[in-house]
Every structure is written in C-alpha cells, then in structure tokens.
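Good morning, colleagues. I should like to take you through one structure today, beginning with strand pairing and moving on to cores, pockets and backbone geometry.

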Amino acid sequence: MKFEIIDVQTRNITIELENEYAFEMDKEVAAFVDGKKVGDFKRNVICLDCLEPGKEYEIKVADSEGIEASKKARTKEETVLFDVKQFGAAGDGKKNDTAAIQAAISACPAGGTVYFRQGAYLSGPLFLKSNINIWLDDGAVLTGDPDREHYPMLPGMTLSTDEKSEYNLGTWEGNPLSCFASLITGIEVENVSIFGKGMIDGNAGAGDWWVDAKKKRTAWRPRIIFLKGCKNITLQGITVCSSPSWTIHPYYSDGVNIIGLKILNPDNSPNTDGIDPESCSDVKIIGTNISVGDDCIAIKSGKYYMALNHYKKTENVVVRNCRLNRGHGSVTVGSECSGGVSGVRVSRCIFDSTDRGLRIKTRRGRGERSVLEDIVFEDIEMKGVRMPFTVNMFYFCDPDGHSDYCQSKEALEVNEMTPCIKGITARNIKCSDVDVSLLAVYGLPEAKVNEITLENITAEFKPENDRTPEVPVMMDGLDKMSGKGILARNVKKLVIKNTIIRGSADSEADIEDTDIKDIENLRYE
C-alpha cells in the first residue's frame, strides 16, 4: 500500500494511490484523518476536505487485509473566510447574485477564501483576482445566468497604444476572436484555488447557447471556466456541468492543476469539450471523470496566426487516473495545434464508449511550428471505444478543409505551412468492443508521420453484426469500414510489438507508403 500527497490547499488534501489499476480499484480502501475514518474509497485519487487551514494532519489508508500506509501534511494558511451571503448574495436561485459575489472576490485579501455555503447562486460572469481561494461547499451550486445580454465580451485583439503590439483576450477555436466572458474568468491571475464538493452549472440548456451553435451572435460562446495568461491555478473536487461550449479552457497559462473533478455535459451538446489546455505548460489532469458532447480532453496550441505572432507551444501535460466517457475523443491532440505540442503523458486511465481513444488531428496550413512529438499513452483500459488509435493529417476542419490544398493525396511542397508529427507511443493497453478500426493513421505524403509505436496491445472487436461502418479519420477520399485491424498510410517508421487482434474482419495489417515496418509478434486471432 503506497500513496502520494499530490495537492495541499487551505481546507483539503488530495492523495493518489500507487497501484496497477486504472482510475479505480476492484476493492475499497479506508481513509483516515488523524485516526478518524472519513470513508471507504475505490478511486485511486482521494480528496479529503473540510479540513482546517494551517494545521498538520496525519493521513492513513488501509485495505481490507490490514495493509496500511500513512503520511503527514500541513494545510495552507488562510487569512480570512468571506461568506458571499455577507456581501448580499441570496443563494435562492432567483435573485441575480453577480454583484454580491464579485464584491466578495474583489474585496478578498491575499490568502483569503470566498465561501459559498449550501444554496443556489444565480450569476453572470465573475472575474478572479490573484492569491485567493474559492470554496464551493457541499450543496452549493453556482448557476450561470441564461441571458446572453448579461454577459460582457472579451475582444479578440486590441492594438497597443503605440501600435507596436497587440493584446489578446477573446478566442474561438484557435483564432483571436471576440467571445463572451465565461462564468469564471481569470485574466493574468496567479495562485488561485477553486475547490469543494459543490457545483458550477453553466445552465446552457436554459438559454440559447446551443441554438445555431456554429453562428457567431454578437460574440462567440463562453466557457464555464476560462483562464487567460494565468499561473498556478488549482481546480479540485468540484462538479462542472452544462457548458455553453468548451467547459474548462486554460489559455496561455502555466501550472494548471485539475484534480478530482467531475465534468458533465449532454452527449448531444455542441462543442462542449471537457478540458482544452491551449498554449499551456505544466498541466496536470488527475483523478477526473469526464462525460461530454465532444472531446473529453483536447490539447491545443492555436491556429497559424497565433503561432506566428504569439507563439507558445503546449508542453508537459499529464493525464492520469481519469475516466473519460462518451464524447468524440478521449484524449485528442489538435486540430488547432500550430504552436506545437510536446511531452504528453496519459496513463492509468479508463476510456469508456468514446468514438476515438488516442486522437491526433492536424492538416496542411497549421504551419512548420506545428510539431507534435513525445506523446505517450500507457496502462489504459478502453471499453467500447470504436476507434482506439487514430492519427490524421488530413483533418477537414475550417472553411477550406475540403479544398484541394488540404485534401490532395499528392505530395505537395514542404514549406512554412506544413505540419509535422514525430514520436507517438501507445503501450500496455487493453481494448474491448472495438468497432471500426484498431489503428488508423494517415500521414501527408510530403511529411510522413515520423514514428508510431504500438506495444503490448490487446484488442477484441465486436461481433460483425454489432459493428457500424464509419470513416475512422475525418478526411475526404476514405471509405467507411468496420472490423479493420491496422490501416497505415504515409508513415516513416511503424513499430508494432506484442499486439493481439481478435475478431477483426481482416487477418493482416493494411500498410502502404511506409518506409520502415518493425513488426514483431503481431497476431490475428
């Protein structure tokens, strides 16, 4: 029995068990704080809350056989606790509490906590400040105002007074465009923690956010939590649901920790990704359960204009002990990735009933800085994931996505608009109820995928009568298929080791235009 203390705040401590399980164990363990049992848990990440600030605690975990481990940790100091009701918030779900809550946030001194006790707090967008905490207690619900007229706008670009530079606030799908402020908006703030057992409800279904979702109406749709240019932000324990668009969007931010969250959006809600770190570094997503209407986690770095003029790649992203449900992709890289992505580690996760598991998507026009490299998936269970591994360099997004330039299968000139995919590794992964394909990779003929490695993979396909044909990667000129084991086009080096494919419609890998095929112990059964 081993565990690590992975996060300490003023009133909570989070631990992570070290074991061979993905997301949760098959048996419960008991957790104790200063000798008092606080509950039985199956999940590998355990959030211990309702603690006191500035106090040392002994944390102990014990299994049913009496094997235990313990460690000590001291919670952070707190200067003051501000109850938003002291500032005039009603918490009755009827009165608009925006002004009262914003007053509490603005008045809170460094090291203080803004507190929401049980109740329903109707609010428009709130703006964070540095060095504070926000505590949503059990039964507290911060609910988004459904009236878009009550949402201020964030302009996409503002030219500096000397006209020598520009300042970006608003963004939409990788471009600097005006958008509505989010329910929780952080602009260049640091050292902020939002925690508790409460809920932030975007309330999007009560408004018109999901109506004509692809049309810009005054400004683009808000997120629930938007963090622009922020540092050292922790979101812990809360439930976030019903987002107007992407749910949590760290943007040009560093040191973002998302721990033990639950993120829920209807499966038919448009563009409601769970978490979208864009042009960020040092992001940790741990112990989080996501079920949404689009990609569960989408790692991005903007489109060409932002990479050219405000370059910042996304790097050092950890996704661990998460459960990623439904949605189009479990963990996606792209397609807005012009700044590049490197150093992604996804491990000990469950991918459940998503369309795709590992999903990498880019296209011509993303640019030469769009280098996707050092991406590793390991120790994962995929259950009912229709297409576990997809890599697509012909993704047909944007108005020109179906143009000859984007979709031509002829080798074009390699220039400043050509993206690059380097090393991608998937190992120690079990896939059950596969439908369309196990691996589908389609590189550009002029810029082949540098290296793809599958190692220690087992895949069980659905019975033939239960499969539904589909195009595995969103590109033109590829037919629908089902029961496909391995499809690879335009790869420099394809490595497949110790991989078993059961119940597929084919009996050998379909590989073309691949320079090096390092295949060892690939079995079709």
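Let me begin with strand β37, which pairs with strand β39, residues 420-421, in the parallel sense over 2 bridges. Within that pairing, L372 has I421 of β39 as its bridge partner. Please bear in mind throughout that this is a predicted model.

β37 takes part in further pairings. Strand β40, residues 423-434, runs parallel to β37 and is joined to it by 8 bridges. There, V376 is matched with T425 in β40. Strand β34, residues 341-347, also pairs with β37, which spans residues 371-383, in the parallel sense and over 6 bridges. In this case the partner of S347 is E378 in β37. Strand β35, residues 350-352, adds a parallel pairing with β37 over 3 bridges, and F351 has M382 of β37 as its bridge partner. As general background, the strands of a sheet pair through backbone hydrogen bonds, either parallel or antiparallel.

F351 brings us to the packing of the interior. Which residues have the most contacts inside the largest nonpolar core? They are F116, L142, F351, F377 and F389, in a core of 104 residues. Strand β43, residues 484-502, gives the largest share of this core, with 7 residues. If we set aside neighbours within four places in sequence, the contacts of F389 are L358, M382, A426, I429, C431, L438, L439, A440, L454 and I457. M382 is thus both a contact of F389 and the bridge partner of F351. Another core lies apart from the largest one, and has 17 residues, including V8, I15, M25 and L48. In soluble globular proteins, nonpolar side chains tend to be buried together.

I turn now to a sheet of 4 strands. The sheet is open, its order is β12-β19-β22-β25, and the pairing is parallel. Why is one side of β12 and of β25 left without a neighbour in the sheet? β12, residues 126-127, and β25, residues 248-251, stand at the edges, and each has a single partner strand, so no neighbour is found on one side of either. Strand β19, residues 184-187, and strand β22, residues 225-228, run parallel and are joined by 4 bridges. I187 stands opposite K228 in β22.

Next, the pockets. The largest pocket holds about 540 Å³ of space. Its lining comprises 25 residues, and F41, C47, K197, G237 and G260 lie nearest the centre. Both β4, residues 36-43, and β5, residues 45-48, supply at least two residues of that lining. By class, the lining of the largest pocket has 11 nonpolar, 9 polar and 5 charged residues.

The second largest pocket has about 440 Å³ of space. Here 22 residues form the lining, with E173, K214, N271, D294 and Y395 closest to the centre. How many of the lining residues of the second largest pocket are charged? The count is 12 charged, beside 7 nonpolar and 3 polar residues.

Some backbone details deserve attention. Most residues other than glycine have a negative phi, and most peptide bonds are trans. T218, although not a glycine, has a positive phi of about 70°. T218 is placed in the loop between β21, residues 199-201, and β22, and its relative accessibility of 59% makes it exposed. N232, also a residue other than glycine, has a positive phi near 55°. N232 belongs to strand β23, residues 231-236, and is partly exposed, with 37% relative accessible area. As for the peptide bonds, the one from G334 to S335 is cis, with omega near -5°. S335 itself lies in the loop between β33, residues 329-334, and β34, the strand that pairs with β37.

I close with T239, in strand β24, residues 239-241. Is T239 buried or exposed? Its relative accessibility is 15%, under the 20% limit, so T239 counts as buried. Not counting residues up to four places away in sequence, T239 touches G198, M199, I200 and K262. T239 and L261 are 22 residues apart in sequence, yet their C-alpha atoms are 5.8 Å apart in space.

Technical notes
Residues numbered from 1 in each chain as written. Predicted model: local features only at pLDDT ≥ 70, side-chain atom pairs only at ≥ 80, totals over all residues. Heavy atoms only, no water. 1 Å grid on protein atoms, 1.4 Å probe; cavity = no way out; pocket = protein on both sides within 12 Å on 5 of 7 lines; lining within 4 Å. Points joined across faces, edges and corners; volume = space filled by probe spheres on them. Nonpolar A, V, L, I, M, F, W, Y, C, P; charged D, E, K, R; others polar. Pairing = 2+ DSSP bridges. Core = buried A, V, L, I, M, F, W, Y, C linked by side-chain atoms within 4.5 Å. Buried < 20%, exposed > 50% of the residue type's maximum accessible area, 1.4 Å probe, protein only. Contact = heavy atoms within 4.5 Å.
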